[in-house]
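Below are questions and answers on one protein chain. Please look at the sequence and the structure before reading on.

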Amino acid sequence: MDKQTLLKKFGKNVKIERIKRDLTQENFAEILDVNSNYIACIECGRQNMSLGKILELANALGVDIEALLKFSD
């Protein structure tokens, strides 16, 4: 798996978990105190993130970090 594929799969996982919680990108951005464009970039696979930021996302969504880092084909 290359970097771009990894980022896209991660972004898809974030989007799925966000939608499960009935959060818009704007709502989720407010929770994280970031710009909604940042959330869009994550979900589209254009934003590379540190493990610390991934943990913040998982905590904000109320999921284990593994839920965001699980990549099935």
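A helix here is a DSSP run of H or I with at least four residues, a strand is a run of E with at least two, and both are numbered from the N terminus. The model is predicted.

Q: What pattern does the protein follow when read along the sequence?
A: The secondary structure consists of five helices and zero strands. Read from one end of the sequence to the other, the pattern is therefore written with helices alone, by the DSSP runs. That pattern is α-α-α-α-α.

Q: What is the radius of gyration of the protein, and what does the globule rule give for 73 residues?
A: The C-alpha atoms fill a box of roughly 30 × 20 × 20 Å along the principal axes. The radius of gyration is close to the value from the globule rule, so the protein is as compact as a globular protein of that length. Both the radius and the rule give 11 Å.

Q: What share of the contacts with a separation of 6 or more comes from residues 24 or more positions apart?
A: Contact here means heavy atoms within 4.5 Å. Among contacts with a separation of 6 or more, residues 24 or more positions apart account for 61%.

Q: How much of the exposed area do carbon and sulfur atoms supply?
A: Buried residues make up 32% of the 73 residues. The protein exposes about 4,700 Å². Of this area, carbon and sulfur atoms supply 50%.

Q: How far apart do the centres of the positive and negative side chains lie?
A: The protein has 11 positive side chains and 11 negative ones. The centres of the two sets are separated by 7 Å.

Q: Which residues of α2 are buried, and which helices do they pack against?
A: Helix α2 covers residues 25-32, and its buried residues are F28, A29 and L32. They cover an arc of only 100 degrees around the axis, which puts them on the same side of α2. The helices they pack against are α1 (3-20), α3 (36-44) and α4 (51-61).

Q: Is E30 of helix α2 buried or exposed?
A: E30 is found in helix α2. The C-alpha atoms of E30 and L7 are separated by 22 Å, with their positions 23 residues apart along the chain. The relative accessibility of E30 is 63%, and the cut-off for exposed is over 50%, so E30 counts as exposed.

Q: What arc do the buried residues of α3 fall within?
A: The buried residues of α3 are I39, A40, I42 and E43. Seen down the axis of α3, they line one face of the helix, because they fall within an arc of 160 degrees.

Q: Which helices are included in what covers the buried residues of α3?
A: The residues to be covered are I39, A40, I42 and E43. Their cover includes α1, α2 and α4.

Q: Why does R18 count as buried, and with which residues is it in contact beyond its neighbours within four places in sequence?
A: R18 is found in helix α1. Its relative accessibility is 7%, and buried means under 20%, so R18 counts as buried. Leaving aside neighbours within four places in sequence, its contacts are L23, T24, Q25, F28, E43 and L61.

Q: How far is G62 from R18 in space, C-alpha to C-alpha?
A: G62 is found in the loop between α4 and α5 (65-69). At 63% relative accessibility, G62 counts as exposed. G62 and R18 are 44 residues apart in sequence, and their C-alpha atoms are 9.9 Å apart.

Q: With which residues is A58 in contact, leaving aside its neighbours within four places in sequence?
A: A58 is found in helix α4. Its relative accessibility is 0%, so A58 counts as buried. A58 and I19 are 39 residues apart in sequence and 14 Å apart in space, C-alpha to C-alpha. Beyond the neighbours within four places, the contacts of A58 are V63, D64, I65 and L68.

Q: What is the phi of D22?
A: Most residues other than glycine have a negative phi. D22 is found in the loop between α1 and α2, and at 69% relative accessibility D22 counts as exposed. The phi of D22 is a positive value in a residue other than glycine, near 55 degrees.

Q: What is the phi of D33?
A: D33 comes just after α2, in the loop between α2 and α3. At 71% relative accessibility, D33 counts as exposed. Its phi is positive, in a residue other than glycine, and is near 60 degrees.

How values were computed: Residues numbered from 1 in each chain as written. Predicted model: local features only at pLDDT ≥ 70, side-chain atom pairs only at ≥ 80, totals over all residues. Heavy atoms only, no water. Buried < 20%, exposed > 50% of the residue type's maximum accessible area, 1.4 Å probe, protein only. Arc of directions from axis to C-beta. Rg over C-alpha atoms; globule rule 2.2 N^0.38 Å. Areas by Shrake-Rupley, 256 points an atom, 1.4 Å probe, with all protein chains shown as cover. Lys, Arg positive; Asp, Glu negative; His and termini not counted. Charge placed at Lys NZ, Arg CZ, Asp CG, Glu CD.
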